[in-house]
Amino acid sequence: MQRRDFLIGTAAAGAAGLSGCLGTAQQATDTGSTADSDGGRTITVTGSAEMQAAPDRAVIEASVEATGDSAAAVRDALSTRSESLRQALRDAGLDDDQLTTGRFAIRPEYDRREPGEEPEQTGYEGTHTITIEVDDVDATGDVIDTAIDGGADSIGRIEYTLAESTRESLREDALKAAVDTARDEADVLAARVDSRVVSVQRLNAAGGGLSPTYERYDVAEAASGGSTELQPDDVTVSASVEATYRID
């Protein structure tokens with residue numbers, strides 16, 4: 001079962017006659033009284049919350065490189081090397097829809113000259129990056145080892161994230177927590193002006209999102225270390241709401 005942790009609940013609010021801070025994790029700012037269409041008073045608060053969970057998806061960037069006398073020669077070399085890399089990953093059980101081209105570039109290569117001298121082109125160099133999506137985070141290290149053994153010259157950024165279904169579930173939990181936090185804050189503010197919350201007049205999702213975690217991988221450092229072992233940090237999903245409550 002996906003582990004999920006509730007991290008933070010905060011709320012900023014405005015009501016007549018209130019200013020300064022309330023509590024260690026919540027704030028209230030004097031914005032003046034607000035009257036609704038019936039002449040009553042309202043409080044508007046913005047509550048936020050974060051949920052954390054272990055990642056259930058990884059995205060790896062594996063690149064092959066090539067040099068040659070012409071752009072065509074580099075293109076052909078990249079094609080051969082990238083296909084070898086793809087085949088190694090297929091043999092390890094990955095599907096083609098998990099392997100996409102992230103970057104493809106061929107550029108002139110120049111020699112190093114003294115300052116003031118015109119550089120001389122010596123050939124071409126190129127890079128083909130394959131983006132690998134891994135559904136089993138525990139297998140990320142094995143996939144990286146397969147990529148290196150399959151000819152990858154470098155491993156770029158490793159992104160740990162969440163599947164869409166997990167992300168939506170965590171956002172729903174964060175929204176519920178944000179609403180609860182906003183209501184608690186509204187109750188505190190209303191009490192400060194000898195009132196109470198009567199009803200909610202407006203409730204909107206105000207923001208939030210997904211915060212993946214990242215890891216860098218150094219092929220040169222890892223070459224002498226045997227198999228790759230990784231310990232990804234948790235992923236954070238946040239949500240915020242804006243609520244307007246009527247008070248009496």
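**Exercise 1.** In this predicted model, work out what span helix 3 (residues 164–192) should have at 1.5 Å a residue, and set it against the separation of its end C-alpha atoms.

*Solution.* Start with the count: helix 3 holds 29 residues. The expected span is 1.5 Å times one less than the number of residues, so helix 3 should span 42 Å. Now turn to the model: the end C-alpha atoms of helix 3 are 42 Å apart, which agrees.

Stay with helix 3 for a moment. Its buried residues include Leu-170, Ala-178, Glu-185 and Leu-189. Just after the helix, Asp-194 takes a positive phi of about 55°.

**Exercise 2.** Find the largest nonpolar core and the elements that build it.

*Solution.* First, the core itself: it has 23 residues, and Ile-60, Leu-85, Ile-132 and Ile-155 have the most contacts inside it. Next, the elements giving two or more residues: strand 4 (57–68), helix 1 (71–91), strand 6 (121–134), helix 2 (140–149) and strand 7 (154–161). Strand 4 gives the largest share, five residues. Another core, of 15 residues, lies apart from it, with Ile-43 and Tyr-245 among them.

Then zoom in on Ile-132: beyond its neighbours within four places in sequence, its contacts include Ile-60, Leu-89, Leu-99 and Val-143.

**Exercise 3.** Decide whether Thr-140 is buried or exposed, then describe its surroundings.

*Solution.* Locate Thr-140 in helix 2. Buried means under 20% relative accessible area; Thr-140 has 1% relative accessibility, so it counts as buried. A polar atom of its side chain lies 2.7 Å from the backbone oxygen of Val-137. Leaving aside neighbours within four places in sequence, Thr-140 is in contact with Ala-58, Ile-60, Val-134, Ile-158, Tyr-160 and Leu-230.

Key: Residues are numbered from 1 along each chain as its sequence is written. This is a predicted model: local features need pLDDT of at least 70, side-chain atom pairs count only at pLDDT 80 or more; totals for chains, interfaces and linings use all residues. Side-chain values use heavy atoms; hydrogens and water are left out. A nonpolar core is a set of buried Ala, Val, Leu, Ile, Met, Phe, Trp, Tyr and Cys residues joined through side-chain atoms within 4.5 Å. Buried means under 20% relative accessible area, exposed over 50%, partly exposed in between (1.4 Å probe, protein chains only). Helices (H or I, at least four residues) and strands (E, at least two) are DSSP runs, numbered from the N terminus. Contact means heavy atoms within 4.5 Å. A polar contact is a pair of N or O atoms within 3.5 Å; within protein, one must be able to donate a hydrogen and the other to accept it, and residues adjacent in sequence count only if both atoms are side-chain atoms.
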